[in-house]
Amino acid sequence: MTKIIHFSDSHAGGGAEDWLAYLDKRWVGVFNYKFRRQFQHDQNNLILAVEYILDTKPDIVVCTGDLTSTGQPGEFAMAKKILKPLRDSNIPVIYTPGNHDYYVKRTKCVRAMKEMVWYLTKGEYDFDDLPSVQRHGEIDFIVVNESWPTNLLMSSGHLKRKSSQFIEKICKQPKHYPRIMVGHYPLIEDAPIMRFRHRLFGQKHIVRLLKEGVIDLSLCGHIHRPYSKLNIDGKGEICAGSITRNGVINEINYDEKTGLFKQQHLYLNNI
Ligand SMILES: [Fe+2]
Ligand SMILES: [Fe+2]
């Protein structure tokens, strides 16, 4: 049995860390944080999640991004402080940035995001190594980055050609183990026109691979309300929801003998 714990979208936040923030997109994120997010996202829930993970000792932890609100170094430092016990444990972590982690092109922000990838994954891979396959136990995790700095109005993501070609190439190979794709954005989009400002672009072929079962599971965040879209074998897409907004994590048990996944969303205040 392999146990996976997946959390997402903790959105640490604060003020503008330098005056240049007022010249790029960060002022939008800082404004959002000051007037909305700080009242919605309770970082204590992330502390609870870390405690739960250390108690439960899963085989692997997956974080699908948006650890910060505007991708500033001080916000990454806040997240790091809470996640340090997990980093210091021997539990492997897969992390891919969300759109709020790779928010602007400012050098110090990009550096902080890349350092976080290196820190949280314990040096297993670098941001610039993505897309990449990480094998843990008898599962292949296909880790992609879909987040890039956008203009003021967009929160959309982009699965670039390089990434989709990489996934397609992996999926053409003989399948020895189930494949779990890890990205920030949901692949399955029920309202692509309504949600064009928030959705993922470039994922069409990959959705087909998921629906055909060539990829067994897609783990994502970005949407703060948790949900799963699974078939009777437990395959499909799972959004962890926001840990700090809803106190929720996604727990998956994979039975190697039967090849079945069992999934549940856990509300940490109810455990
Ligand atoms: Fe988010
Ligand atoms: Fe997001």
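## Helix α3 and its surroundings in a predicted model

The cover over the buried residues of α3 includes α2, β2, β3 (93-95) and α4. Contact here means that the C-beta atoms of two residues, placed from the backbone, lie within 7 Å. Helices (H or I, at least four residues) and strands (E, at least two) are DSSP runs, numbered from the N terminus. This is a predicted model, in which local features need pLDDT of at least 70, side-chain atom pairs count only at pLDDT 80 or more, and totals for chains, interfaces and linings use all residues. Residues are numbered from 1 along each chain as its sequence is written, while chains are lettered from A and ligands numbered from 1 in the order in which they are written.

**Helix α3 and its partner**

Within α3, the buried residues are Glu-75, Phe-76, Ala-79, Leu-83 and Leu-86. A residue is buried if 20 or more other C-beta atoms lie within 10 Å of its own, exposed if 12 or fewer, and partly exposed in between; the C-beta atoms are placed from the backbone.

α3 bends by about 55° at Ile-82. A proline, Pro-85, follows within four residues. The bend is the angle between axes fitted to the seven residues ending at a residue and the seven starting there.

Is Ile-82 buried or partly exposed? Ile-82 is partly exposed, because 19 other C-beta atoms lie within 10 Å. Beyond its neighbours within four places in sequence, Ile-82 contacts Gln-43, Leu-46, Ile-47 and Val-50. Val-50 is 32 residues from Ile-82 along the chain, and their C-alpha atoms are separated by 7.7 Å.

Helix α2 (residues 44-56) packs against α3 at an angle of about 5°, with the axes 9 Å apart. α2 is therefore roughly parallel to α3. On the α2 side, Leu-46, Ile-47, Val-50, Ile-53 and Leu-54 make the contact. On the α3 side, Ile-82, Leu-83, Pro-85 and Leu-86 do so. The axes are lines fitted to C-alpha atoms, for helices over the stretch in contact, and angles run from 0 to 180 degrees between N-to-C directions. Angles under 35 degrees count as roughly parallel, over 145 as roughly antiparallel, 65 to 115 as roughly perpendicular and the rest as oblique.

**Helix α1**

α1 also has a bend, of about 55° at Tyr-33. Its buried residues are Arg-26, Gly-29, Val-30, Tyr-33 and Arg-37. An α-helix has 3.6 residues a turn, so residues three or four places apart point the same way.

**The fold as a whole**

The protein has seven helices and 13 strands. Its C-alpha atoms fill a box of roughly 55 × 40 × 35 Å along the principal axes. A compact globule of 271 residues would have a radius of gyration near 18 Å; the protein has 17 Å, which agrees. The radius is taken over C-alpha atoms, and the globule rule is 2.2 Å times the number of residues to the power 0.38.

Buried residues make up 44% of the 271. Of the contacts with a separation of 6 or more, 74% join residues 24 or more positions apart.

The largest nonpolar core has 58 residues, and Val-62 and Val-182 have the most contacts inside it. α4 gives the largest share of this core, six residues. A nonpolar core is a set of buried Ala, Val, Leu, Ile, Met, Phe, Trp, Tyr and Cys residues joined through C-beta atoms within 7 Å. Leaving out neighbours within four places in sequence, Val-62 contacts Ile-4, His-6, Ile-94, Val-182 and Leu-219.

**Loops and unusual backbone**

Most residues other than glycine have a negative phi, and most peptide bonds are trans. Two aspartates in loops have a positive phi.

| Residue | Phi | Loop | C-beta neighbours inside 10 Å |
|---|---|---|---|
| Asp-9 | near 55° | between β1 (2-7) and α1 (26-40) | 26, buried |
| Asp-66 | about 55° | between β2 (60-63) and α3 (73-88) | 27, buried |

The peptide bond from Leu-130 to Pro-131 is cis, with omega near 0°. Pro-131 sits in the loop between α4 (107-120) and β4 (132-136).

Thr-121 is also in the loop between α4 and β4. Thr-121 counts as buried because 22 other C-beta atoms lie within 10 Å. Apart from residues up to four places away in sequence, Thr-121 touches Val-93, Ile-94 and Tyr-95. Glu-146 is 25 residues from Thr-121 in sequence and 18 Å away in space, C-alpha to C-alpha.
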